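Colleague: I am new to this structure and would like a close look at a single part of it. Please choose one and explain what surrounds it.

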Amino acid sequence: MKKIFLGAFLTFCIGAIAQEYKYEPVSNKAEYYISKFKGFSSYADYKQWGMDAIEITNQTEKFENMEIVLFTPLYNSDMSRHDVIWLSLWPSATEQFAALEWWIKNGSSHMSKLPVENVQVIDTWQWPISSPEGEMDIGAVRFSRCKLKDNITPRTAFDAYKDFAAAAKEQGDNLGRKMIFPASGGTEGDYDFVYSLYARNVAELGAAADNYWENINGSDADLALGEVIEGCSNYSTYTTDKIK
């Protein structure tokens, strides 16, 4: 995963790369809390704990721009590893860590009631590529670990993904896409980024898969994407529930 940090660092430094790119990523931060239920606790217990946490953090404006999504495993190579994932989304590291400091000082009592045990916590940078249009429901997201071809930078891949998403939209695609760069807590491995593909509802993820194979596979944008991505693996799919 060395290429992840090198590539991401260079792209964050203005002027560090002489090559010109077509698009400029608008980065955000995200935290993934991967957890197992304690005792006889359930998803309903965890969601209620989360709703109570939202009420507590409403005491301060520091959490105003935070979004929260809960993931439940649907297709996964090891269903015993975890029961649920808590995702916190932030516009910037500044807001993320200011809120984290407030929570460390003020959230210990509520944390003592946490109905899950965290087995992994990952701090990430994210580059959104596309977003679904329309109202979000119980959605679905698929993650995979992707490797770039030699001498390809994350920014080059981002341009190819942006062009692909635009071309796919012309064929009726309505999926969200992100390039995710794990930092603290990330799983080591031979990959350069995690690719997130998500839909506003579960059915739409399936319909989008059929649409890809029928109308998008083999298109110019699809082939151009294949020129920069060596391959993706370790696919896993979750249902999603946005609570904030």
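Modeller: What follows takes helix α6 (residues 202–216) and then its surroundings.

This is a predicted model: local features need pLDDT of at least 70, side-chain atom pairs count only at pLDDT 80 or more, and totals for chains, interfaces and linings use all residues. Residues are numbered from 1 along each chain as its sequence is written, and side-chain values use heavy atoms, with hydrogens and water left out.

Helix α6 has 15 residues. (Helices are DSSP runs of H or I with at least four residues, strands are runs of E with at least two, and both are numbered from the N terminus.) From first C-alpha to last, α6 reaches 20 Å, close to the 21 Å expected at 1.5 Å a residue; the expected span is 1.5 Å times one less than the number of residues. At its N-terminal end, α6 is capped by Asn-201, with a side-chain oxygen 3.3 Å from the backbone nitrogen of Ala-203. (A polar contact is a pair of N or O atoms within 3.5 Å; within protein, one must be able to donate a hydrogen and the other to accept it, and residues adjacent in sequence count only if both atoms are side-chain atoms.) Just after α6, Gly-218 has a positive phi of about 85°.

Five residues of α6 are named as buried: Glu-204, Leu-205, Ala-208, Asn-211 and Ile-216. (Buried means under 20% relative accessible area, exposed over 50%, and partly exposed in between, with a 1.4 Å probe and protein chains only.) The buried residues of α6 pack against the helices α5 (154–170) and α7 (220–226), and against β5 (139–148), β7 (193–199) and β8 (229–242). Contact here means heavy atoms within 4.5 Å.

Those three strands belong to a closed barrel of eight, in the order β1-β3-β2-β8-β5-β7-β6-β4, with antiparallel pairing. The twist from one strand to the next averages 35°. Two strands pair if DSSP finds at least two bridges between them. β5 is joined to β7 by seven bridges, and Cys-146 has Phe-193 in β7 as its bridge partner. Nine bridges join β5 to β8; there, Ala-140 is partnered by Thr-239. On to β2 (residues 67–75), β8 pairs over six bridges, with Val-69 opposite Lys-242.

One residue of β8 is Ser-236. Ser-236 counts as buried because its relative accessibility is 11%. Beyond four places in sequence, Ser-236 touches Tyr-75, Asn-76, Val-141, Arg-142 and Phe-143.

The neighbour α5 lies across β4, β5, β6, β7 and β8, at about 75° to β4. (Axes are lines fitted to C-alpha atoms, for helices over the stretch in contact, and angles run from 0 to 180 degrees between N-to-C directions.)

The largest nonpolar core has 27 residues, and those with the most contacts inside it are Tyr-161, Met-179, Phe-193 and Ile-229. β4 (116–130), β5, α5, β6 (176–182), β7, α6 and α7 each supply at least two of its residues, and α5 gives the most, seven. (A nonpolar core is a set of buried Ala, Val, Leu, Ile, Met, Phe, Trp, Tyr and Cys residues joined through side-chain atoms within 4.5 Å.) Leaving aside neighbours within four places in sequence, Ile-229 is in contact with Lys-147, Leu-148, Lys-149, Ala-157, Tyr-161 and Phe-193.
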